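Thank you all for coming; I would like to walk through a few local features with you, slowly, and in an order that lets each one be found on the screen. Please have the sequence and the structure open beside each other as I speak.

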Amino acid sequence: MTKIIVFTDLHIVPEGGTIIGLDPVARLRAGLRHVNRHHHDASRVIFTGDLAHRGDAESYARLRGLLGELRLPYSLLIGNHDHRERFLQAFPETPVDAHGFVQQVIDTPQGRLVLLDTL
């Protein structure tokens, strides 16, 4: 069976920022380390929006740096807190459809993953 790991609502903030007293960057970093340590058999990690709390370029740059630590392939999706153009500037390799939406289909041996842009 295909193993997929999903992270959602990262709400990455600029350096020094917190949300309700929590540091989303530190929490994501801990999650990525856990995946690298204990889930190397996963086929993919999917990160769904909201990737950045305010859709700002600095938060996307921080996210890109964090994802450099991940040893598995991943897919990114945006949500209502995200900003499509700024996201795509930071992640230009991300698949988009003919209309510029950040979405794709991934076929696995067990079925099809449909990743939708919910912005």
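Let me start in the loop between β2, which covers 44-48, and α2, because that is where aspartate 50 lies. The peptide bond that leads from glycine 49 into aspartate 50 is cis, with an omega near 15°, and I should say at once that what we are looking at is a predicted model.

From that loop we can move on to helix α2 itself, residues 57-67, where arginine 62 is found. Is arginine 62 buried or exposed? Its relative accessibility is 19%, and since buried means under 20%, arginine 62 counts as buried. Its side chain reaches the backbone oxygen of proline 14 at 3.2 Å, and, leaving aside residues up to four places away in sequence, arginine 62 touches Ile12, Val13, Pro14, Glu15, Gly16 and Val25.

Next, please look at the loop between β1 (4-8) and α1 (24-38), which holds aspartate 9 and also isoleucine 20. Aspartate 9 is not a glycine, and yet its phi is positive, at about 50°; isoleucine 20, likewise a residue other than glycine, has a positive phi near 45°. As for their surroundings, aspartate 9 is partly exposed at 39% relative accessible area, whereas isoleucine 20, at 81%, counts as exposed.

Finally, on the surface, Val105, Val114 and Leu116 make a nonpolar patch of about 270 Å². Of these, valine 105 sits in strand β4, residues 104-108, and with 47% relative accessibility it counts as partly exposed.

Conventions: Residues numbered from 1 in each chain as written. Predicted model: local features only at pLDDT ≥ 70, side-chain atom pairs only at ≥ 80, totals over all residues. Heavy atoms only, no water. Helix = DSSP H or I, 4+ residues; strand = E, 2+ residues; numbered from the N terminus. Buried < 20%, exposed > 50% of the residue type's maximum accessible area, 1.4 Å probe, protein only. Polar contact = N/O pair within 3.5 Å; in protein donor to acceptor, adjacent residues only side chain to side chain. Contact = heavy atoms within 4.5 Å. Patch = residues over 30% accessible without salt bridge, like charges linked within 9 Å, V, L, I, M, F, W, Y side chains within 5 Å. Areas by Shrake-Rupley, 256 points an atom, 1.4 Å probe, with all protein chains shown as cover. Salt bridge = Lys/Arg side-chain N within 4 Å of Asp/Glu carboxyl O.
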